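Let's look at how two chains sit against each other, starting with the symmetry and moving on to the contact itself.

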Protein chains: 2
Amino acid sequence: MISDGLQGLLSERQVDSPVARVVRALSGHGAVSAAQIARTTGLARSTVSTILGDLKRSSLVVEVETRSPGIGRPALAHSLNPEAGTCLGVLLGRNEVRIVLADVAHNVIADVAIPLERDYRPDKATRTVKQAIDNIYKEHSLPFSGLLGVGFAVSGPIAANGRIMRGSLLPGWYGVDLRSTFEPVLQKPIFADNESNCAALAEMMWGAATGVEDFVLFKLDLAIGGAIVANGKVLTGIAGTAGEFGHMLLDPHGDLCTCGNRGCLQLYCSGATVLSVAERRLARAITLADFVKTAQAGDIGFQRLLEDAGEAAGRGLAAVGTIINPGLFVISGGMAAAGEMLLAPMRSSYAKYTLVKPGDIEGPVPQFVTGRFLDNDNCMGAVGLVLRHHGRLS
Amino acid sequence: MISDGLQGLLSERQVDSPVARVVRALSGHGAVSAAQIARTTGLARSTVSTILGDLKRSSLVVEVETRSPGIGRPALAHSLNPEAGTCLGVLLGRNEVRIVLADVAHNVIADVAIPLERDYRPDKATRTVKQAIDNIYKEHSLPFSGLLGVGFAVSGPIAANGRIMRGSLLPGWYGVDLRSTFEPVLQKPIFADNESNCAALAEMMWGAATGVEDFVLFKLDLAIGGAIVANGKVLTGIAGTAGEFGHMLLDPHGDLCTCGNRGCLQLYCSGATVLSVAERRLARAITLADFVKTAQAGDIGFQRLLEDAGEAAGRGLAAVGTIINPGLFVISGGMAAAGEMLLAPMRSSYAKYTLVKPGDIEGPVPQFVTGRFLDNDNCMGAVGLVLRHHGRLS
């Protein structure tokens with residue numbers, strides 16, 4: 001069976017073999033040329049060709065045509081055979097679990113959200129996830145044996161030892177080890193990371209940062225999240241909180257934040273902050289998506305709220321630019337749907353407050369772009385965890 | 001000749017061979033065990049043993065005894081044969097060049113500073129460096145043929161293309177490519193990086209961050225410098241300015257900084273800021289070293305200046321802690337000689353202003369330690385560039 005071959009290649013024992021390196025390059029990047037694989041793996045071009053030949057004969061790899069945007073003829077590339085296996089990405093959210101089933105070519109086969117009461121506990125989650133997965137595999141007539149692993153995106157920091165830290169949106173999960181919680185029930189390899197780190201992985205593997213080794217993801221949703229990718233790896237930090245841009249100090253005399261500090265960035269530009277003003281004005285509740293749509297439809301008050309939020313975010317990111325100096329900021333989350341209405345003021349205030357202004361130097365200027373996966377970046381990144389062997393709990 | 005063998009192994013053509021990986025592990029870490037080499041290189045333990053045997057037979061590697069601090073018997077480790085070659089580390093400073101000659105086991109053989117007029121130019125520097133190097137090799141009766149390469153530490157940002165950027169302390173060097181400047185004269189491989197990045201490399205290879213893959217170097221000298229090391233690599237950023245902590249915004253309504261922004265960290269805690277207050281009080285000039293000594297001798301006014309500087313620095317580093325969350329801060333530069341007088345207030349204000357406070361979580365708390373190389377970290381790091389093949393200009 002095809003997926004057995006792939007599971008063997010992706011197993012820990014084979015992790016350093018040339019063939020496993022080629023498979024990981026394929027699983028991590030989608031359709032790629034032999035030359036790209038040689039570059040990524042550091043293997044000789046001739047070695048890569050031999051391995052690709054073997055993998056094609058055993059049906060693990062298929063040839064596909066790719067077209068670059070713009071000019072040029074279609075190029076020959078290689079991709080894992082979509083039938084070679086499946087992966088699951090699971091978001092453990094505040095009041096839901098969401099499950100994405102994808103093949104190894106990261107085509108989404110199913111995407112299911114299951115609402116749960118706030119403060120649901122691990123035992124409830126394991127039962128819910130197990131049953132939902134069984135249903136999904138039954139419904140799509142797929143063999144459970146082809147499942148390569150399950151990635152979890154968690155709304156909270158995860159420490160290096162694999163345990164969920166304090167300060168997550170899942171207070172009842174403090175100290176929980178995801179592998180020992182889910183592996184006995186699911187009987188498959190378990191991977192996990194913070195949801196913002198997963199989001200960065202999705203953008204890096206298939207989204208707005210494809211092929212970029214150094215970038216910053218800034219997620220403006222109800223809360224602010226983020227991730228720093230350096231040399232192709234997501235930084236975690238010793239407390240698992242790297243990329244928590246929402247708690248950068250913007251004003252030392254500002255209001256008190258939930259974290260116990262004053263004047264944190266999230267007090268000035270998170271979706272929750274913006275909605276609280278919008279709702280006072282409307283005298284009714286409104287979702288972030290509807291808020292953005294109303295601004296885009298011409299509401300000048302809501303446009304001003306987006307402009308102010310962009311200005312504050314740019315000021316926070318200016319410090320990130322000064323000390324990390326990335327070439328790309330991927331702006332993600334529900335507010336990013338506002339596009340240039342948010343990004344234009346962000347770019348201006350970034351330029352005003354950061355150390356190296358656009359024009360100071362020859363060469364590339366930091367880019368601000370909207371993320372590709374505004375809605376399901378966390379689940380897609382959790383799928384990516386499985387494909388990349390990234391964030392494995394040890 | 002021994003050094004010919006080593007030069008071959010360290011050449012670009014061999015860069016991916018197992019034997020070159022072993023040599024780089026040895027050159028990058030000093031005396032290490034076979035097990036550590038296997039871990040660092042990802043090679044099988046048996047492969048490492050075979051390679052070490054070959055290298056010992058050809059006199060490129062010698063066995064040394066190491067003693068851990070504390071208990072335990074001496075352990076057997078391997079080191080490059082100090083006679084296998086030499087490296088040069090050169091600081092291009094504001095008004096001097098400084099040259100350190102070291103063997104491949106990074107023992108310093110010579111350390112020479114040559115004063116130059118401010119705003120010296122590349123042609124003057126190449127002549128000065130060439131002559132000084134010839135003198136040093138003659139004086140120590142060493143063969144120039146054993147020189148493996150020359151590393152340059154530059155008081156300014158270096159772009160990815162190897163050119164010196166605007167904003168360096170060497171205004172006449174803007175746009176200069178160090179390799180094409182020095183390689184024709186020195187006829188040896190040239191490596192280069194920003195001096196703070198070199199300082200971080202020295203601390204990582206042989207100093208306060210030995211064996212640590214993720215840390216922040218914060219250099220408090222007359223100016224403020226710094227570097228971020230993530231996964232064992234120094235971050236550079238697209239403009240070569242990553243780690244410029246001195247220009248983080250501390251107060252949006254603060255004084256104007258030389259960079260064109262307001263309220264930058266360096267206005268509150270750089271050596272220049274502190275000395276300007278001290279000199280007003282003394283009504284005469286004083287060096288940073290004498291300032292620190294006077295504070296340590298009991299001057300309560302100077303002690304307060306150090307305390308305030310530490311407090312401000314801790315506030316700036318708190319933001320670094322929030323978004324990068326490193327486990328170690330190495331405090332370097334002339335002010336770091338003040339030790340706890342500076343570090344204690346830095347720790348307190350860090351804890352007050354960062355997101356994850358010590359005690360919030362189980363497990364490790366960020367450490368603040370004084371650097372090992374307060375005086376010649378840049379030159380030692382430039383030696384490290386050669387040994388690590390790190391920062392090579394391409």
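## How the copies are related

Start with the superposition: a turn of 180° and a shift of 0.0 Å along the axis lay chain A on chain B with an RMSD of 0.1 Å. The pair is thus related as by a two-fold rotation axis. Keep in mind that this is a predicted model.

The contact fits that picture. Of the interface residues of chain A, 100% are also interface residues in chain B, so the copies meet through the same surface. Chain A puts 46 residues into the contact, and chain B puts in 46 residues.

## How much is buried

The size of an interface is often given as the accessible area lost when the parts come together. Here, about 3600 Å² is buried between chain A and chain B, and carbon and sulfur atoms give 62% of that area.

## What holds the polar side

What does the rule find in the way of salt bridges across the interface of chain A and chain B? Zero. Polar contacts do turn up, though: 14 residue pairs across the interface of chain A and chain B, with both residues at pLDDT 80 or more.

## Who does the touching

On the side of chain A that touches chain B, the elements giving two or more residues are strand E9 (224-230), helix H11 (300-323) and helix H12 (340-353) of chain A. H11(A) gives the largest share of that side, with three residues.

Sorted by class, the side of chain A that touches chain B comes out as 25 nonpolar, 13 polar and eight charged residues.

Terms used. Residues are numbered from 1 along each chain as its sequence is written. Chains are lettered from A and ligands numbered from 1 in the order in which they are written. This is a predicted model: local features need pLDDT of at least 70, side-chain atom pairs count only at pLDDT 80 or more; totals for chains, interfaces and linings use all residues. Side-chain values use heavy atoms; hydrogens and water are left out. Contact means heavy atoms within 4.5 Å. Buried area is the accessible area (1.4 Å probe) that two parts lose on being put together, summed over both. A salt bridge is a side-chain nitrogen of Lys or Arg within 4 Å of a carboxyl oxygen of Asp or Glu. A polar contact is a pair of N or O atoms within 3.5 Å; within protein, one must be able to donate a hydrogen and the other to accept it, and residues adjacent in sequence count only if both atoms are side-chain atoms. Helices (H or I, at least four residues) and strands (E, at least two) are DSSP runs, numbered from the N terminus. Ala, Val, Leu, Ile, Met, Phe, Trp, Tyr, Cys and Pro count as nonpolar, Asp, Glu, Lys and Arg as charged, and the others, Gly among them, as polar. Copies are superposed by least squares on the C-alpha atoms of residues with pLDDT of at least 70 in both.
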